[in-house]
Amino acid sequence: MRDLNIALIGGGFMGKAHSLAYAAMPMYFWPAPARPVRKVIVDVSEDLARTAADRYGWERHATSWQDVVADPSVDVVDIATPNHLHADIAIAAAEAGKHVICEKPLAPTAADAQRMLEAVQKAGVVHAVAFNYRRTPAVALAKKYVEEGAIGEVLNFRGTYLQDWSADLDSPLSWRFQKAIAGSGAVGDIGSHVVDLARYLVGEVDEVSSLVSRFIHDRPLQSSGFDSLGASRGSDGPRGAVDVDDESITMLRFCDGAVGSIEATRNAWGRNNYITFEIHGTEGTIFFNYERRDELQVAFKADPADRRGFRTVYTGPGTPYGESLWPIPALGIGYSETKIIEAYEIFKAIAEGGSVRPDFADGYQTALVDEAILASGRTGAWTAVDQVEREGR
Ligand code: NAI
Ligand code: SOE
């Protein structure tokens with residue numbers, strides 16, 4: 001089994017999730033396509049980087065991503081920093097011939113995402129964007145049903161991503177509220193996950209019509225660089241301006257004629273990681289709720305009239321990825337499993353010299369949908385989405 005040396009840039013929330021995925025991937029998927037070697041982790045200070053290396057099991061730590069990206073012993077660069085750094089790191093990594101994994105959204109702007117795509121294509125390296133909710137087994141099962149025609153022709157996709165960590169007026173001014181770092185607010189941060197699911201399950205989005213709102217215009221400044229994700233300070237201290245959206249409500253028209261809607265907000269009290277989609281087809285309906293992610297609700301027209309209604313399918317050994325996960329349905333899939341499956345798919349592509357979806361072209365396409373949503377929010381008009389030409393299509 002081949003070793004692949006990884007450099008992970010960013011030791012925060014996603015630094016932890018990716019480290020865990022690399023450690024666990026061969027325990028789930030055996031024989032693993034390649035052995036992920038946690039070679040070096042990078043963060044902004046010596047203290048942060050050393051602590052991350054000790055805690056997450058990396059051989060060494062560093063404070064300069066530029067040095068690490070140039071290191072000939074590194075095979076894969078994994079980017080888990082705030083969004084504004086994704087493009088510079090990914091382009092430098094591609095130019096150094098490294099395979100590149102990048103957290104979502106691929107970049108704060110579609111223009112940056114395009115530059116990133118061009119760089120990885122020119123370098124001929126494997127590239128992946130970390131829209132990991134696709135990897136939830138129940139979502140992969142929904143994809144299987146759609147592809148097999150189990151719900152017929154898709155008519156309507158209704159998606160949501162609702163959270164409440166930013167609903168408190170006094171939750172701190174995380175980098176996620178700053179356009180120069182994040183690019184956008186709920187649209188890019190969480191709406192992008194649902195756009196990815198809509199594209200994965202239904203197809204490309206042709207045009208959008210959106211309402212985009214900002215409810216909270218300033219927030220308490222953070223005392224450290226860490227993103228506190230909503231931990232309220234109840235602060236009387238200095239506040240800084242929020243210059244991103246809090247919420248978007250979007251109608252969609254897909255290229256193949258289906259329609260749909262997506263709502264994204266981090267201000268919905270009581271909702272935590274409420275990623276849902278309901279897909280209506282000519283032969284049935286699928287409903288998924290990430291907060292009950294072992295389950296897929298399905299209803300089929302073909303059922304006898306006196307038995308027609310939603311039934312619950314629990315993911316397990318008989319559903320996608322199940323053989324490598326747990327031996328009994330509903331033992332429980334967690335966020336970590338989505339990242340472990342993601343790591344498996346990416347390492348398989350690298351080991352086999354192939355490619356993986358979602359890739360940077362998907363990340364760029366999703367960024368174009370996000371920009372159309374923001375533009376429609378400004379103008380109030382239906383807005384066409386530019387379409388990315390995929391290589392080899
Ligand atoms: P975070 O704020 O928890 O961690 C970011 C880390 O990057 C911090 O440790 C910070 O010190 C470090 N960092 C900042 N500048 C750096 C530099 N120049 N060099 C090296 N390290 C640097 O942020 P979080 O939540 O981990 O988000 C990171 C990325 O992951 C973002 O793009 C975010 O959108 C994405 N994300 C994706 C999730 C998913 O479900 N796929 C979940 C959470 C975040
Ligand atoms: C905060 O909204 C956040 O951490 C997002 O950045 C992630 O992408 C999402 O998966 C969980 O919530």
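Angles under 35 degrees between helix axes count as roughly parallel. In this predicted model, helices α4 and α5 pack at an angle of about 10°, and therefore they are roughly parallel to each other. The model also holds an open sheet of 6 strands with parallel pairing and an open sheet of 9 strands with mixed pairing. The points below take the two sheets in turn, then the helix pairs.

**The parallel sheet**

- The 6 strands of this open sheet follow the order β3-β2-β1-β4-β5-β6, and their pairing is parallel.
- Its edge strands are β3, at residues 60-62, and β6, at residues 127-129; each of them pairs on one side only.
- From one strand to the next, the twist averages 25°.
- Strand β2 covers residues 35-42 and runs parallel to β3, to which 3 bridges join it.
- Within this pair of strands, Ile41 stands opposite His61 in β3.
- Helix α4, made of residues 86-95, packs on the sheet and touches β1 (3-9), β4 (76-79) and β5 (99-102).
- The direction of α4 makes about 175° with that of β4.
- Helix α10, made of residues 360-379, also packs on the sheet, where it touches β5 and β6.
- The direction of α10 makes about 40° with that of β6.

**The mixed sheet**

- The order of the 9 strands in this open sheet is β16-β15-β14-β13-β7-β12-β11-β8-β17, with mixed pairing.
- Strands β16 (311-314) and β17 (383-384) are the edges, and each pairs on one side only.
- Strand β7 (residues 154-162) and strand β12 (residues 259-265) run parallel and are joined by 7 bridges.
- Phe157 has Gly260 in β12 as its bridge partner.
- Helix α6 (residues 137-148) lies across β7, β13 (274-281), β14 (284-289), β15 (295-300) and β16.
- Relative to β15, helix α6 runs at about 25°.
- Helix α8 (residues 186-201) lies across β7, β11 (247-254), β12 and β13, and runs at about 155° to β7.

**Strand β15 and its neighbours**

- A residue counts as buried when its relative accessible area is under 20%.
- For β15, 6 of the 6 residues are buried, so the strand is largely enclosed by the rest of the structure.
- In a regular strand, side chains alternate between the two faces of the sheet.
- Both faces of β15 are covered, with Glu295, Gln297 and Ala299 buried on one side and Leu296, Val298 and Phe300 buried on the other.
- With β14, strand β15 pairs in the antiparallel sense over 4 bridges, and a hairpin of 5 residues joins β14 to β15.
- One of the bridge partnerships here links Gly284 to Phe300 in β15.
- With β16, strand β15 pairs in the antiparallel sense over 4 bridges; Val298 has Arg311 in β16 as its bridge partner.

**Helices α1 and α9**

- Helix α1 (residues 13-28) packs against α9 at an angle of about 65°, and their axes are 8 Å apart.
- Angles of 65 to 115 degrees count as roughly perpendicular, which makes α1 roughly perpendicular to α9.
- The crossing of α1 past α9 is right-handed.
- From α1, the contact includes Met14, Ala17, His18 and Leu20, while the residues from α9 include Tyr335, Ser336, Glu337 and Lys339.
- Sorted by class, the contact of α1 with α9 has 13 nonpolar, 2 polar and 3 charged residues.
- Glu352 belongs to helix α9, which spans residues 335-352.
- Since exposed means over 50%, Glu352 counts as exposed at 59% relative accessibility.
- The C-alpha atoms of Glu352 and Pro33 are separated by 8.0 Å, although these residues are 319 residues apart along the chain.

**Helices α4 and α5**

- Two packed helices are described by the angle between their axes and the distance between the axes.
- For α4 and helix α5 (residues 110-123), the angle is about 10° and the axes are 9 Å apart.
- On the α4 side, His86, Ala87, Ala90, Ile91 and Ala94 meet Asp112, Arg115, Met116, Ala119, Val120 and Ala123 in α5.
- By class, this contact of α4 with α5 has 8 nonpolar, 1 polar and 2 charged residues.

Methods. Residues numbered from 1 in each chain as written. Chains lettered and ligands numbered in written order. Predicted model: local features only at pLDDT ≥ 70, side-chain atom pairs only at ≥ 80, totals over all residues. Heavy atoms only, no water. Pairing = 2+ DSSP bridges. Axes fitted to C-alpha atoms, helices over the stretch in contact; angles between N-to-C directions. Contact = heavy atoms within 4.5 Å. Buried < 20%, exposed > 50% of the residue type's maximum accessible area, 1.4 Å probe, protein only. Parallel < 35°, antiparallel > 145°, perpendicular 65-115°, else oblique. Left-handed = near helix turned anticlockwise from the far one by under 90°. Nonpolar A, V, L, I, M, F, W, Y, C, P; charged D, E, K, R; others polar.
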